[in-house]
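Got the viewer open? Keep the selection box handy and follow along, stop by stop.

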Amino acid sequence: MNQFRQYVTDRLGRDAWFPLAESAGVPSENHRLDAVYPDEQIVALVLAASRLTGQPLNQVLEDFGVFIAPALLRIYAPLIDPAWRTLDVIEHTEETIHTVVRARIEGAAPPALLARRVSPTEVQIDYRSRRGLCSLAEGIARGMAIHFGEEVDVDQPECVHRGGERCLISVRLVEGRGEAPTA
Ligand code: HEM
């Protein structure tokens, strides 16, 4: 929730949060980082941001994913192998990160991400969540790549919003970029 507030402030300006929260019918006071808020509140906020900016919902979600990725990497840095880059983090998110989030934050329900490294330069995520936030997942993947200075192509050969049984998200490293740093 705090992250979404920061996102709104970053993208829409300092004064945007209060009217946005009000139009979404969500309390605008400070929220705790480690608390879990009802899904409906986040959904209402994302819808309000989409209305306000005229951007489609999936674009707001994706942009929020890009925005939030560096904070996720920072907050959970102790769980992340410093040698990992974009595809490695995604490949290991389920067992090293989301599992810990589920155990530590009561009520948190990050999605089960079945990530498969189909080649050294591609990871495929089988995303199934009743929340249907595949655009957020796409954005997080892009945000991680920006953080690591890598270039990725992200697409979805299958998506529940297009009649699929699940969302299949493919993240491919664009060759010639993002080699392991020499440090
Ligand atoms: C440093 C890495 C990551 C951290 C620390 C992290 C942490 C979290 C946390 C705290 C939540 C909220 C859970 C809740 O309140 O119920 C969440 C949800 C989510 N995460 Fe992650 N995550 C990470 C990486 C990823 C990656 C790489 C993806 C996909 C590419 C991803 C996709 C999602 C999605 C889509 C949700 C929304 C909830 C849902 O769909 O049910 N996460 N994550």
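Start with the shell around the ligand: its residues split into 19 nonpolar, three polar and one charged. Bear in mind as you look that this is a predicted model. To zoom in, select Tyr76, Pro110, Pro111, Ser129 and Ala137, which come nearest among the 23 residues around the ligand. Then colour helix H4 (57–75), helix H5 (86–104) and helix H6 (134–148), the elements that each give two or more residues to that shell. Which element gives the largest share of the shell? H5 does, with six residues.

**Next stop: the sheet**

Leave H5 coloured and bring up the strands. H5 lies across E1, E2, E3 and strand E4 (167–173), and its direction is at about 145° to E1. Now switch to H6, which lies across E2, E3 and E4 and runs at about 160° to E3.

Hide the helices for a moment and trace the sheet. In what order do the strands of this open sheet come? Reading across, you get E1-E2-E4-E3, four strands with antiparallel pairing. E1 and strand E3 (152–158) each have a single partner strand and stand at the edges, so one side of each has no neighbour in the sheet. From one strand to the next, the twist averages 20°.

**Zoom in on the hairpin**

Select strand E1 (residues 112–119) together with strand E2 (residues 122–128): the two pair in the antiparallel sense over seven bridges. How many residues sit between E1 and E2 in their hairpin? Just two residues. Show serine 119 and you'll find it opposite glutamate 122 in E2. Then pick leucine 114, whose bridge partner in E2 is aspartate 126.

**Over to the domains**

Zoom back out and colour by domain: the domain assignment gives domain 1 (2–55) and domain 2 (62–173). Drop a centre on the C-alpha atoms of each domain and the two points lie 22 Å apart. For the contact itself, seven residues of domain 1 touch eight residues of domain 2. Select helix H1 (residues 2–12) here, since it's the element that gives the most to the side of domain 1 touching domain 2, with four residues. Colour that side by class and you get three nonpolar, one polar and three charged residues.

**Last stop: two crossing helices**

Finish with helix H2 (residues 17–24) and helix H3 (residues 39–53). Their axes come within 8 Å and cross at roughly 115°, and the crossing of H2 past H3 is right-handed. Which residues meet where H2 and H3 touch? On H2, select Leu20, Ala21, Ser23 and Ala24; on H3, add Ala44, Leu45, Leu47, Ala48, Ala49 and Leu52. Colour this H2–H3 contact by class, and the split is nine nonpolar, one polar and no charged residues.

Key
Residues are numbered from 1 along each chain as its sequence is written. This is a predicted model: local features need pLDDT of at least 70, side-chain atom pairs count only at pLDDT 80 or more; totals for chains, interfaces and linings use all residues. Axes are lines fitted to C-alpha atoms, for helices over the stretch in contact, and angles run from 0 to 180 degrees between N-to-C directions. A crossing is left-handed if the near helix is turned anticlockwise from the far one by less than a right angle, and right-handed if clockwise. Two residues are in contact if their C-beta atoms, placed from the backbone, lie within 7 Å. Ala, Val, Leu, Ile, Met, Phe, Trp, Tyr, Cys and Pro count as nonpolar, Asp, Glu, Lys and Arg as charged, and the others, Gly among them, as polar. A residue is near a molecule or strand if its C-beta atom, placed from the backbone, lies within 6 Å of it. Domain bounds come from an automatic or database domain assignment. Two strands pair if DSSP finds at least two bridges between them.
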